[in-house]
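Colleague: I am new to this structure and would like a close look at one part of it. Could you take me through the packed helices and the loop residues beside them?

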Amino acid sequence: MTAAVQDRQSLARHYAALPHAAGHPERRQLAARLARSGGSHLDWMTLAFEEFSGYRFAAGHAALDEVIRRAPAFLPARWLRFQYPPDVAPASADQAGQFRAQWQAGLAAFERLDFRDPRWQPQVWGCVGACTAFYRHYIDDDISNEQRRYGALVHRMMAALDRGDPPRPIRRGRRRVLFCSPYFYRHTVARLFLPLIEALDPAAFDLHLLHFGAEDDAMSARAAAIGQWHRGPRAAPAWRRLIAELAPDVIVYLDLGMHPLPQALAALRLAPVQACLWGHPVSTGLPTIDTVLSPDAIEPADAQRHYSERLVRLPGLGHGLDPHADDRPPACRDDGTLDLLCGQSIYKLQPGQDRLFARILAALPNARLQMIPHDSAEVRERLRERMRPVFAEHGVDVDARVRMHGYGPLEHYLELARGCALNLDSIGWSGGMSSLDLLQLGLPTVTLPGTTMRSRQSAAILDRLGVPELIVDDEDAYVRLAIALAGDAEQRAALSRRIRAGLPRLHERERVAAALADFLHTCEPQPT
């Protein structure tokens with residue numbers, strides 16, 4: 001055995017022993033050494049995964065190019081290549097358009113493949129189990145037609161591996177219901193929906209909660225106390241076998257579109273009725289998901305056209321969130337600085353948003369913008385560099401006027417918000433949970449809704465609170481209203497009082513839980 005081979009084996013053992021943490025710097029370094037020291041296309045694929053998990057998308061694409069150069073027929077590399085954009089958020093509108101074209105071309109290329117072909121069949125899980133279309137979901141408002149094609153493709157790919165379970169009748173008595181998610185911990189998804197599951201009558205339903213993730217906290221303990229608790233991590237085949245053994249009547253996915261494991265399982269017919277809640281408010285496009293359960297108050301009148309699934313409207317805002325109203329007055333700064341907040345992740349901050357922020361800050365020389373776009377300092381810096389030239393055009397120093405924070409506990413987020421005068425909603429994909437959290441503090445929020453549910457969340461919440469004047473019709477009105485409110489402390493205080501007075505209208509847990517129970521009692525398999 002040569003010294004080079006021994007060195008590679010040592011590197012491989014060291015790499016395998018490291019914890020599987022996203023963006024782990026030593027894992028990336030070792031993966032790079034393995035790939036560049038005569039590694040195979042699989043070594044380069046491992047490096048690509050490490051780069052993407054660390055949000056270094058340009059480096060990830062460079063590694064994929066090397067995979068494809070070495071193994072042109074290796075489908076997982078081509079799958080990742082079209083699913084991942086050049087960066088976490090587009091650097092410009094042109095780059096967003098290029099990613100759209102890249103994604104559409106990749107989708108079309110995979111649609112042309114016959115996954116029954118022995119060349120492709122073994123590679124299906126390497127694609128579907130690697131990622132979802134998550135980044136595509138944030139480019140454009142209505143992508144329902146593309147999602148129908150994408151869902152049909154994922155279903156066809158998974159059907160090449162697994163035909164699903166044989167049809168069986170649904171129980172007429174106590175139905176067995178599986179609630180599935182990787183996010184049964186203190187995560188937006190669990191905060192929205194776990195209280196609804198808690199409210200279901202265990203005498204009426206045989207409840208099973210499948211936690212695909214490994215995170216464990218007090219909210220996980222709440223989930224474990226509801227019914228039968230099945231916790232990860234487990235490999236996908238183990239989850240598949242468990243679901244088959246449980247023989248559920250209804251499977252409800254709390255979220256589909258963020259994590260690849262539930263996407264793959266949901267693409268199979270594993271229960272007579274399969275539904276999803278709105279933890280990730282985009283149509284799945286999957287022909288195996290019969291129903292989407294979404295809030296009536298947020299969906300537009302013509303909402304059904306945005307879904308391949310049958311839309312069932314839950315009452316009001318469709319959640320079971322625990323209230324956390326804070327009646328303390330906003331914190332005041334002694335130096336006259338006015339803090340504005342945008343509490344949205346970078347995925348929602350498309351390039352056009354930068355110009356709105358710049359226009360607002362240019363008109364308010366004593367204002368700063370507080371942002372919480374991402375946990376990676378490197379990603380936050382790339383966002384700052386994207387914003388820099390736009391802000392400079394408006395005479396605004398982005399370094400002096402914008403504070404960017406990483407993620408942290410909910411309490412830290414709320415404390416930051418308490419020091420802010422105004423919340424500026426993201427355009428295109430509005431705040432959902434973030435708006436619920438901030439408005440429970442009485443923080444006025446300016447929003448511009450679009451055509452789909454995900455772009456209308458903040459507007460629906462504001463309308464329900466009785467402050468529709470915070471909802472605008474275009475970008476110029478957004479800027480004008482933000483500037484006017486920032487300069488009028490009395491009006492902000494009056495709005496805050498009205499928001500606080502309307503807070504009970506945000507919480508209708510009993511009605512929503514009753515509607516969910518009624519759906520679970522009465523839903524029937526869809527005709528094939």
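Modeller: What follows goes through the packing of three helices, then a loop residue between two of them, and then a histidine in contact with that residue.

This is a predicted model, in which local features need pLDDT of at least 70 and side-chain atom pairs count only at pLDDT 80 or more, while totals for chains, interfaces and linings use all residues. Residues are numbered from 1 along each chain as its sequence is written, and side-chain values use heavy atoms, with hydrogens and water left out.

Two packed helices are described by the angle between their axes and the distance between the axes. Here the axes are lines fitted to C-alpha atoms, for helices over the stretch in contact, and angles run from 0 to 180 degrees between N-to-C directions. Helices (H or I, at least four residues) and strands (E, at least two) are DSSP runs, numbered from the N terminus.

Helix H3, residues 41-53, packs with H4 at an angle of about 165 degrees, and their axes are 8 Å apart. H3 and H4 are therefore roughly antiparallel to each other, a term for angles over 145 degrees, where under 35 counts as roughly parallel, 65 to 115 as roughly perpendicular and the rest as oblique. Their crossing is left-handed, meaning that the near helix is turned anticlockwise from the far one by less than a right angle, with clockwise being right-handed. The contact (heavy atoms within 4.5 Å) is made by residues including Trp-44, Leu-47, Ala-48 and Phe-52 of H3 and Phe-57, His-61, Leu-64 and Val-67 of H4. By class, the contact of H3 with H4 has 10 nonpolar, 3 polar and 3 charged residues; Ala, Val, Leu, Ile, Met, Phe, Trp, Tyr, Cys and Pro count as nonpolar, Asp, Glu, Lys and Arg as charged, and the others, Gly among them, as polar.

Helix H4, residues 57-70, also meets helix H5, residues 75-83, where the two axes come within 9 Å and cross at roughly 150 degrees. That makes H4 roughly antiparallel to H5, and H4 passes H5 in a left-handed crossing. On the H4 side this contact is made by His-61, Leu-64, Asp-65, Val-67 and Ile-68, and on the H5 side by Ala-77, Arg-78, Leu-80 and Arg-81. These residues divide into 5 nonpolar, 1 polar and 3 charged.

Tyr-55 sits in the loop between H3 and H4. Most residues other than glycine have a negative phi, whereas phi of Tyr-55 is near 65 degrees, a positive value. At 25% relative accessibility, Tyr-55 counts as partly exposed; buried means under 20% relative accessible area, exposed over 50%, and partly exposed in between, with a 1.4 Å probe and protein chains only.

Tyr-55 is one of the residues in contact with His-374, leaving aside neighbours within four places in sequence, and the others include Val-88, Ile-346, Tyr-347, Arg-380 and His-405. His-374 lies in the loop between strand S9 (367-371) and helix H14 (377-393), and is buried, with a relative accessible area of 2%. A polar contact of 3.5 Å joins the side chains of His-374 and Tyr-347, a polar contact being a pair of N or O atoms within 3.5 Å, where within protein one must be able to donate a hydrogen and the other to accept it, and residues adjacent in sequence count only if both atoms are side-chain atoms. In addition, a polar atom of the His-374 side chain lies 3.0 Å from the backbone nitrogen of Ser-376.
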